[in-house]
Each structure stands twice: as C-alpha cells, then as structure tokens.
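I opened a fresh notebook page for this one. The plan was to look up voids, a helix, a loop glycine and the charged pairs.

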Amino acid sequence: MESIFLQQTVNAILLGAIYALFALGYALVFSVLGVLNLAHSAIFMWGAFIGLLAVEQWQLPPLLALLLGALGGGLLSVLLEFIAFRPLRRRNAARISQLISSIGASILLVNIAQLLFQQIYNRTEAYYPLDLVLFPGMSTETIVLDDIGLRIQPIRIVILVIALVTMVLLQYMVTRTQIGQHMRAVAFSERIASLLGIPVSRIFVLTFFLAGIFGGMAGMLYGVAFRKVDPFIGENVALVGLTAIVLGGMGSIQGAVLGGFIVAALQTISIAAGGSSYSNAIVFVLLFVVLLVRPQGLLGQPENTRA
C-alpha cells in the first residue's frame, strides 16, 4: 500500500511539472493583460507538433527539437498578439471580445494542424519514438527500486528537472530583473507604466513570447512523456490549465505552479483509485469548494496588485 502511494506521488509530481509549466503561460498573459488567452492550448499542441517534426521528419537531436518547439510556440504566441489581441486593444474593445478572438485563433491553429497532419502522416495522429532520449547517452531503461516498490522512467526525471529549472528562471526574471519590474508595472497599470517611460507594447510582446515558450515547451515535454500527438491534445490540458490558475489564484505565478501540482495529484490519485472516468469531476469539485471559501484562489491577490 505504501509503495503504491509513493509511486502515485512520484507520478503526480512528474505530471504536475508539465501542468504547471503549461499553466504559467495562462498566468503570465492574464497577469499583464488581464485577459485569458484561450489559444494557449493550441500553442501547447503546436509545440508538441513542431518538436515531433524536428525529431521524426528533420532528424534533429531531441534537445534541439525541444528548443525549436519552445521557440515555435513563442513566435506563434507573438503572432496571436499582433493579430488577435492588439487590434482589439487599440479599439478599446471589451475584454470579452479578446477572449472570443482567442477562441477563434485557437480553432484556426487546430485546423491548420489537422491539414498538416493529413499531408504529412495521412492521419491525424503521430507518435514520438519509443526510445527517445533528450540527452546523448541517457538510458531508456526504467529505473526500478524494488525495496520501495518504485519505477521511474529516466526521461520523466529529465522532464521534471527541465520544467522546474524553467519555472525557477521565470520567477527570478519576474522578481529580480528590470524586465520583470517593467512587467509588474504594466500589470499594475498600463497608464502609469507608460508615464514612467516603460515600453508597454514591447512588454506585451515579451509576455506573449514567454507564455508561448512555456506552452510550446510543455507541449513537447507532454508529447515525449505520453508519445501520442494529435491536433487535439491541447483540449486535454486546456481545462486543466484553467483550473490550475483559478485554483492557485488568477495572475499568480506561484499559484499557477501550485495549482498545476494539485490538479495533477488529484487526477493521479483518482485514477489510481479506479476512477479514471470521473477524475476531472473530482478536480472541479475541489475547485468549486476552494472558490466558495477563497474566491481569489489559494495564492491569489487583489486585481490592483496582481503579478
């Protein structure tokens, strides 16, 4: 019984790292712009897709493929800022308009991916190689610790380390660098930030770029961990990411990370208990309870102090 609990705890941590990385993209854009980018799940899918193309079609090293997946996600996210968000902001459109615009952009990105999948694979799904390793010389053999009943795939440890290091670097950038100060100033008030000489438009672009990098990287890591990639994998994590940032606190970086791990833990435990068909329902019940007790989420802040 203890070994099962330990195994599921490790599984939850590994899955939570990917969820947290994905949720950070949502949290970044919301903290600075105050609007949800619902096309972030499509960016996630494109990160996985670009990484797959790099590995399988272009025969590039997996680590370089990861960088391409992240960079591709970042560039696509910036493109969304220029096409789906900025024109509406300049016309002082309501935030609901930007939200709907992001939904349309997401559908478009998924449809483009469908066409490319059909052209390249003659179907709408493909798989990462079973023996894929991110670093040369890394073993593909599952690590088995019989004494404590634990089995871990080395690739998942690497994924966890990459996700955690990326999150630490983001936290450092936001709290300790001038760029991070500018992002927090824009999150507090675009007008005040502009009066202080901060290039608000560039901060928006940078925010979308960073959010896209997190989404793209999370997408490829998810693809490497679970192997299967199709144009709809973003839908599987979209609600998870939204739940994570609402549970942790809208616009809170630490909250997004905490929410990601909590959601992963609940899903993993419920699946281990035999409830795979209602694991998401358990997550949403918890979300409902938390919002009743603490509407701003576990680590949420008042809107005027977000980010």
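My entries follow, in the order I looked things up.

**Entry 1: the model.** I am working from a predicted model.

**Entry 2: closed cavities.** I searched the whole structure for cavities of 30 Å³ or more, and I got 2. The largest cavity holds about 40 Å³ of space. I listed its lining as L14, L15, I18, R156, I159, A225 and F226. By class, 6 of these residues are nonpolar, 1 is charged and none is polar. Which helices supply at least two residues each to this lining? I found α1 (2–33), α5 (154–176) and α8 (200–226). The most comes from α1, which gives 3 residues.

I then turned to the second largest cavity, at about 30 Å³. Its lining consists of L239, V240, T243, Q267, N280, V283 and F284. Here I noted 4 nonpolar residues, 3 polar ones and no charged one. Both α9 (233–248) and α11 (279–293) supply at least two of the lining residues.

**Entry 3: the largest pocket.** I read off a volume of about 440 Å³ for the largest pocket. It is lined by 23 residues, and N11, L15, R156, F226 and T268 are the closest to its centre. Three names here were already on my page: L15, R156 and F226 also line the largest cavity. The pocket lining splits into 11 nonpolar, 10 polar and 2 charged residues. I asked which element gives the most to it. That is α1, with 7 residues. Elements that supply at least two residues each include β3 (150–152), α10 (253–272) and α11.

**Entry 4: helix α4.** I checked α4 (residues 95–121) end to end. Its 27 residues reach 38 Å from first C-alpha to last, close to the 39 Å expected at 1.5 Å a residue. Next I pulled its buried residues: Q98, S102, A105, S106, L109, V110, A113, F117 and Y121. I kept the helix geometry in mind: an α-helix has 3.6 residues a turn, so residues three or four places apart point the same way. What covers these buried residues of α4? The cover includes α2 (40–57), α3 (62–90), β1 (126–127) and β4 (228–229). Just after α4, I noted a positive phi of about 60° at N122.

**Entry 5: G149.** I found G149 in the loop between β2 (143–145) and β3. Is G149 buried or partly exposed? Its relative accessibility is 33%, so I logged it as partly exposed. I also took a C-alpha separation: G149 and F5 are 9.8 Å apart, with their positions 144 residues apart along the chain.

**Entry 6: salt bridges.** I counted 4 salt bridges in the structure. E81 and R86 meet at 3.2 Å, N to O. E81 also pairs with R89, where the closest N and O atoms are 2.6 Å apart. E81 and R86 are buried, and R89 is buried too.

K228 bridges to E125, with closest N and O atoms 3.6 Å apart. K228 lies in strand β4 and E125 in the loop between α4 and β1, so this pair ties together parts 103 residues apart in sequence. I logged K228 as partly exposed because its relative accessibility is 34%. E125, at 26%, is partly exposed as well. Last note: shared partners join E81, R86 and R89 into one salt-bridge network.

Conventions: Residues are numbered from 1 along each chain as its sequence is written. This is a predicted model: local features need pLDDT of at least 70, side-chain atom pairs count only at pLDDT 80 or more; totals for chains, interfaces and linings use all residues. Side-chain values use heavy atoms; hydrogens and water are left out. On a 1 Å grid over the protein atoms alone, a cavity is a set of points where a 1.4 Å probe fits but cannot get out, and a pocket is an open set with protein on both sides within 12 Å along at least five of seven lines; lining residues have an atom within 4 Å of a point. Grid points are joined across faces, edges and corners, and a volume is the space filled by probe spheres set on the points. Helices (H or I, at least four residues) and strands (E, at least two) are DSSP runs, numbered from the N terminus. Ala, Val, Leu, Ile, Met, Phe, Trp, Tyr, Cys and Pro count as nonpolar, Asp, Glu, Lys and Arg as charged, and the others, Gly among them, as polar. The expected span of a helix is 1.5 Å times one less than its number of residues. Buried means under 20% relative accessible area, exposed over 50%, partly exposed in between (1.4 Å probe, protein chains only). Contact means heavy atoms within 4.5 Å. A salt bridge is a side-chain nitrogen of Lys or Arg within 4 Å of a carboxyl oxygen of Asp or Glu.
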